[in-house]
Amino acid sequence: MKILTIITGGTIGSTTSGSTTSLDESKNYALINEYEKKYPDAIDFTVVSPYRILSENITANELNLLVNCVAENLD
């Protein structure tokens with residue numbers, strides 16, 4: 001099975017310390033890595049990242065980038 005994973009930052013790819021939330025590159029692949037450990041060779045992950053931004057900072061520009069990314073990766 002093939003799964004396209006689009007990393008954009010956001011909740012899964014961030015760390016909170018006190019009252020500050022920031023992007024954390026080390027967390028971007030954490031879920032994929034855990035899945036691959038549990039089910040080796042079950043999924044062929046393709047990972048793309050059209051941008052990295054916290055969800056609350058997304059504008060129409062990022063939404064357009066996301067739409068274009070999905071369109072480019074459909075097959």
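## Surface and overall build

The chain exposes an accessible surface of about 5400 Å², and carbon and sulfur atoms hold 53% of that area. The model is predicted. Buried residues account for 23% of the chain's 75 residues. The C-alpha trace spans about 40 × 30 × 10 Å along its principal axes.

## Fold

Two helices and four strands make up the secondary structure of the chain. Their order along the sequence is β-β-β-α-β-α. Among contacts with a separation of 6 or more, 57% join residues 24 or more positions apart.

## Largest pocket

The largest pocket has a volume of about 200 Å³. Its lining draws two or more residues from each of two elements: strand S1 (2-6) and helix H1 (30-38).

In total, 13 residues line this pocket. Thr5, Ile6, Ile7, Ile12 and Asn28 lie nearest the centre. The lining holds six nonpolar and seven polar residues, but no charged ones.

## Salt bridge

How many salt bridges does a search of the whole structure find? The search finds one. Lys37 pairs with Glu34, and their closest N and O atoms are 3.2 Å apart.

Both partners sit in helix H1. They are three residues apart, so about one helical turn separates them. Side chains of opposite charge can pair when their charged atoms come close. The two partners differ in accessibility class: Lys37 counts as exposed at 62% relative accessibility, whereas Glu34 is partly exposed at 48%. The cut-off for exposed is over 50%.

Note on methods:
Residues numbered from 1 in each chain as written. Predicted model: local features only at pLDDT ≥ 70, side-chain atom pairs only at ≥ 80, totals over all residues. Heavy atoms only, no water. 1 Å grid on protein atoms, 1.4 Å probe; cavity = no way out; pocket = protein on both sides within 12 Å on 5 of 7 lines; lining within 4 Å. Points joined across faces, edges and corners; volume = space filled by probe spheres on them. Nonpolar A, V, L, I, M, F, W, Y, C, P; charged D, E, K, R; others polar. Salt bridge = Lys/Arg side-chain N within 4 Å of Asp/Glu carboxyl O. Buried < 20%, exposed > 50% of the residue type's maximum accessible area, 1.4 Å probe, protein only. Contact = heavy atoms within 4.5 Å. Areas by Shrake-Rupley, 256 points an atom, 1.4 Å probe, with all protein chains shown as cover.
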